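Hello,

Here is the structure you are taking over. My notes on it follow below.

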Amino acid sequence: MIKVLVVDDSVVVRRLIVDSLTGAPGIEVVGTAANGLLAQAKIDQLKPDAVTMDIEMPQMNGIEAVRELRKRHKQLPVIMFSTLSAAGASATLEALSAGATDYVTKPSNVGSIAESIAAVREQLVPKIHALAGRRPPSGPPARPGPPPGRPGLSPPAAGRPGGPVPGRPGLAPPRPGAPAAGGPARPVRRAGAPGRVDILAIGSSTGGPDALTKVLQALPADLPVPIVVTQHMPPVFTRMFAERLDRSTSLHVVEAGDGMELAPGTVYIAPGDRHLVLQRRSTATLTQLSGAPPENSCRPAVDVMFRSVAALFGASAFATVLTGMGYDGRGGAKVLREAGAEILAQDEASSVVWGMPGAVVGAGLADEILPLDRIAAALIQRVQAGRVSRPTAVTR
């Protein structure tokens, strides 16, 4: 049973969260607290497996509480409870930077208490299970052979991350028909010299804001290729996230809009509730936003962006799948691989949830599996291939 502590200064909201979790399989609310200061004592007393945390509270707000909490409980999942507003988005991103694990948004424009409870339950229960679940692992990912035409090289060097870590939930099941599990899936690399890379595409979800920040901060302003990113976030949050990254990295970071021409050294973040796709106009590549139905219950969806990148760039694309729940990105990664592109997946040990990258690895689509702190250097090295001028990593 996953024990949850609910922290919120509003009696109404505390009751809403408790009611949304009541009856959820494998979850028990063991206590509540009205502010961050009281939460510190309740955590020591009740030893919860996960905490939901409001942001604006008296005595000690949620951001201060997370900072204090991380001094003593570095791994305890903390899920922020935020509003769909510019102020809420900014505060949530600050909380994530302080060490919060993930967030959910408070229901808005709902007609009844029952609808509010259902909306919170739909967001919160899967995150609690993914972040704090104690379900026994279903077994390591399948070890498929190299895809047709993509011969594998030697297995990874001893000690290379990529094998499963017991107790880390969130791995999506392997594709139907995958070979029986016989050990961790290994990266499969193409034989021969790599071709030139003209675009980087990155997909992420749970844990993605922190992972993206770390990767992008290590990339140089003179990066000779554009970067397109789909991070699962609602509207407003993506704009605030792009602005935050633009201030904290050497790259130019924007929330993508319709008709933006891709430029080197610029990062285009898919806006909340819109898929990011690309279109070619003469020699220029432009961004295009799509209101097509959600895929994998997501809009924006990584699969949609990856398929678009594959259609326009083919083998000159390089994709990265970072930490995240579910399996969004696996289908698009397959299309990219069939087009000749390469795929890098974050390893399980450094992922908050190894769902999305684990799904790619389990399907045999990853050319390389790396810990988060080695991904930026790998991207730079890969972009250098076929170019005379070589960007260098940013030292921070």
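In these notes, axes are lines fitted to C-alpha atoms, for helices over the stretch in contact, and angles run from 0 to 180 degrees between N-to-C directions. Helices (H or I, at least four residues) and strands (E, at least two) are DSSP runs, numbered from the N terminus. This is a predicted model, in which local features need pLDDT of at least 70, side-chain atom pairs count only at pLDDT 80 or more, and totals for chains, interfaces and linings use all residues. Residues are numbered from 1 along each chain as its sequence is written, and side-chain values use heavy atoms, with hydrogens and water left out.

Helices α1 (residues 11-21) and α5 (residues 113-132) pack at about 65°, their axes 8 Å apart. Among the residues in contact (heavy atoms within 4.5 Å) are Leu-16 and Ile-17 of α1 and Val-120 and Leu-124 of α5.

There is also an open sheet of 7 strands with parallel pairing, in the order β8-β9-β7-β6-β12-β13-β14. Two strands pair if DSSP finds at least two bridges between them. At the edges, β8 (252-255) and β14 (368-370) each pair on one side only. From one strand to the next the twist averages 20°. Strands β7 (residues 227-231) and β9 (residues 266-269) are joined by 3 bridges; Ile-227 has Val-267 of β9 as its bridge partner.

Helix α6 (residues 208-217) packs on this sheet and touches β6 (199-204), β7, β9 and β13 (342-346), its direction at about 165° to that of β7. Helix α8 (residues 302-313) lies across β6, β7 and β12 (317-321) and runs at about 165° to β6.

Regards
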